[in-house]
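Dear colleague,

Please find below the structure I undertook to pass on to you. My notes on what was found in it follow directly after.

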Amino acid sequence: MPDATTIQRMFAEVAPGYDRANRALSLGIDLWWRRQTVRTVRLQPGERGLDVCAGTGDLAFALARAGARMVATDFCAPMLVRTAHKGPAASRPAFLAADTLALPFPDRSFDFATVAFGIRNVSDPVAGLREMARVVRPGGRIVVLEFSRTRVPLLGRAYNFYFRHVLPRLGQWISGSRNDAYRYLHDSVMAFPERQQFLDLMTQAGLGEPRLRLLTGGVAAIYRGEVRG
Ligand SMILES: C[S@@+](CC[C@H](N)C(=O)[O-])C[C@H]1O[C@@H](n2cnc3c(N)ncnc32)[C@H](O)[C@@H]1O
């Protein structure tokens, strides 16, 4: 696992081409995954939400469009800068630079917290989940969108080949970045707890009722847990 400074530097380098690479490498499926994540939050009118490791803000914007009052944080300023030209001003989340392991909010500030493709990059994921839970009210929700590993027999093998051998090169090319961010993407997904193992991390973080839903043959998963009182 690279240290926090290496992670920050890596995302700073890919930031200018990050959205373009996401759309192209996933054939736009990542937008659908985020919409499913918004549905999983089960928003109530007027709710306040926090999106951590928000990057260029796609999930935060999707939640804001669905009616949530959103705050979004990330510790990589060049990623946050990319949010400046997105979305209508009326439903714009408030973006601020913050480490997910030390969120600058009082306890119980939000109704829910989300993280998309971010918790895998946090040096201590259980501490990250605990910190998210700290700032959410009892009974509130924590929703995580993350890659998992597909086990679909034939298509799964083709996808794994693409993910391991093609995507790292394509990612470099499309994002215009010289670093190994897309090799790291593959390696970190292979090493990161998924499915029941991730549900166990949620339990360790003190979350109740942990659940998961697999997306696109298990290429990604949405996890949901409740903050206990
Ligand atoms: C793969 S990007 C995901 C961005 C966005 N959530 C999305 O779905 O496109 C991961 C983000 O996590 C951020 N990140 C990683 N560790 C972090 C930490 N400890 N605190 C805050 N942000 C962090 C990185 O800076 C990066 O922007």
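I begin with a detail of the backbone: E209 is found in strand β6, which covers residues 208-215. Please bear in mind that this is a predicted model. E209 is not a glycine, yet its phi is positive, at about 50 degrees. Most residues other than glycine have a negative phi. E209 is also exposed, because 11 other C-beta atoms lie within 10 Å and the limit for that class is 12 or fewer.

L27 likewise has a positive phi without being a glycine, with a value near 55 degrees. Its setting is the loop between α2 and α3 (29-41). L27 has 7 other C-beta atoms within 10 Å and is therefore exposed.

As to the overall architecture, the protein chain contains 9 helices and 7 strands. Along the principal axes, its C-alpha atoms fill a box of roughly 45 × 40 × 30 Å. The radius of gyration of the protein chain is 17 Å, which agrees with the value near 17 Å for a compact globule of 229 residues. Of these 229 residues, 42% are buried. Where contacts link residues at least 6 apart in sequence, 68% of them join residues at least 24 apart.

The interior comes next. In soluble globular proteins, nonpolar side chains tend to be buried together. Here the largest nonpolar core has 64 residues, and those touching the most other members are L63, A113, L129, M132, V136 and I142. For V136, the contacts beyond its neighbours within four places in sequence are R108, F110, D111, F112, A113, I142 and V227. Two of the core residues just named, A113 and I142, are thus on the contact list of V136.

Helix α1 (4-14) deserves a closer look. Its residues I7, F11 and V14 are buried. Seen down the axis of α1, the buried residues fall within an arc of 65 degrees, so they line one face of the helix. The spacing follows from helix geometry: an α-helix has 3.6 residues a turn, so residues three or four places apart point the same way. T5 and T6, on the other side of α1, are exposed. What do the buried residues of α1 pack against? Their partners are α2 (18-26), α5 (77-81), α7 (153-175) and α8 (181-191).

The ligand has 22 residues around it, of which C53, G55, F75, C76 and A116 come nearest. Two elements, α1 and α4 (58-65), give two or more residues to this shell. Helix α1 supplies the largest share, with 4 residues. Sorted by class, the shell holds 13 nonpolar, 6 polar and 3 charged residues.

A last point concerns R164, which is found in helix α7. Is R164 buried or exposed, or does it fall in between? R164 has 14 C-beta neighbours inside 10 Å and therefore counts as partly exposed, since a buried residue needs 20 or more and an exposed one has 12 or fewer. R164 and E226 are 62 residues apart along the chain, and their C-alpha atoms are separated by 34 Å.

With kind regards

Note on methods: Residues are numbered from 1 along each chain as its sequence is written. This is a predicted model: local features need pLDDT of at least 70, side-chain atom pairs count only at pLDDT 80 or more; totals for chains, interfaces and linings use all residues. A residue is near a molecule or strand if its C-beta atom, placed from the backbone, lies within 6 Å of it. Ala, Val, Leu, Ile, Met, Phe, Trp, Tyr, Cys and Pro count as nonpolar, Asp, Glu, Lys and Arg as charged, and the others, Gly among them, as polar. A nonpolar core is a set of buried Ala, Val, Leu, Ile, Met, Phe, Trp, Tyr and Cys residues joined through C-beta atoms within 7 Å. Two residues are in contact if their C-beta atoms, placed from the backbone, lie within 7 Å. The arc is that of the directions from the helix axis to the C-beta atoms. The radius of gyration is taken over C-alpha atoms; the globule rule is 2.2 Å times the number of residues to the power 0.38.
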